[in-house]
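Hi,

Here is the structure I promised to pass on. Have a look at it first, and then read my notes below.

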Amino acid sequence: MKRITITLFLILFLVSLNILRAENSDSSDEVQKVEIIVESYSFNPDTITVEAGKPVEITLRSVASIISHNFTIDDPESGLYVVQEVKGGRDATVTFIPEKPGTYKFYCGKKNIFGSHEKKGMVGTIIIN
Ligand SMILES: [Cu+2]
């Protein structure tokens with residue numbers, strides 16, 4: 001009988017530990033992770049949706065061979081300003097907290113003699129809810 005009580009107690013203890021762990025992983029999951037493939041000359045996906053007031057972590061994975069690109073959001077009205085360089089074939093990560101809900105443009109701010117990368121198609125939309 002004693003053994004059964006101890007076993008039951010142990011099971012209850014382990015179950016409650018698991019519940020605690022699950023709750024913890026929920027609350028530490030605040031960072032909104034987004035992955036964008038950077039090509040010459042496009043972003044994939046070109047529309048991302050995030051929530052305001054929570055950190056956003058964008059990983060830029062460049063599959064461009066040599067050409068460097070960047071990820072830029074520049075919206076003076078909302079105070080949203082993000083610039084992250086990404087070299088050809090490399091990864092780069094940028095973290096920021098979007099404060100104001102809205103729909104904003106992100107783009108590559110690089111230029112070459114033929115014009116801006118943005119005009120070539122390196123432009124997308126970030127929706128902040
Ligand atoms: Cu570019």
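To start with the strands: in which sense do strand 1 and strand 2 pair, and over how many bridges? They run antiparallel, with 3 bridges between strand 2 and strand 1, the latter covering residues 32–39. If you want one spot to click on, Val 38 has Phe 43 in strand 2 as its bridge partner.

Before you go further, please keep in mind that this is a predicted model. The mean pLDDT of the chain is 86, and 78% of the residues get to 70 or more. The stretch to watch is residues 8–12, where pLDDT is below 50 and the model shows 0 contacts beyond near neighbours in sequence. Where pLDDT is low, the predicted coordinates should not be read in detail.

Back to that pair of strands. Both belong to an open sheet of 4 strands, ordered 2-1-4-7, and the pairing in the sheet is mixed. Strand 2 (42–44) and strand 7 (91–96) sit at the edges with a single partner strand each, so one side of each has no neighbour in the sheet. On average, neighbouring strands in this sheet are turned by 25 degrees against each other, ignoring direction.

As for the whole chain, there are 2 helices and 11 strands. Reading from the N terminus, the order is α-β-β-β-β-β-β-β-β-β-β-α-β. Of the 129 residues, 17% are buried. Among contacts with a separation of 6 or more, 62% are between residues 24 or more positions apart.

Cheers

Conventions. Residues are numbered from 1 along each chain as its sequence is written. This is a predicted model: local features need pLDDT of at least 70, side-chain atom pairs count only at pLDDT 80 or more; totals for chains, interfaces and linings use all residues. Two strands pair if DSSP finds at least two bridges between them. Axes are lines fitted to C-alpha atoms, for helices over the stretch in contact, and angles run from 0 to 180 degrees between N-to-C directions. pLDDT is the predictor's confidence in each residue, from 0 to 100. Two residues are in contact if their C-beta atoms, placed from the backbone, lie within 7 Å. A residue is buried if 20 or more other C-beta atoms lie within 10 Å of its own, exposed if 12 or fewer, and partly exposed in between; C-beta atoms are placed from the backbone.
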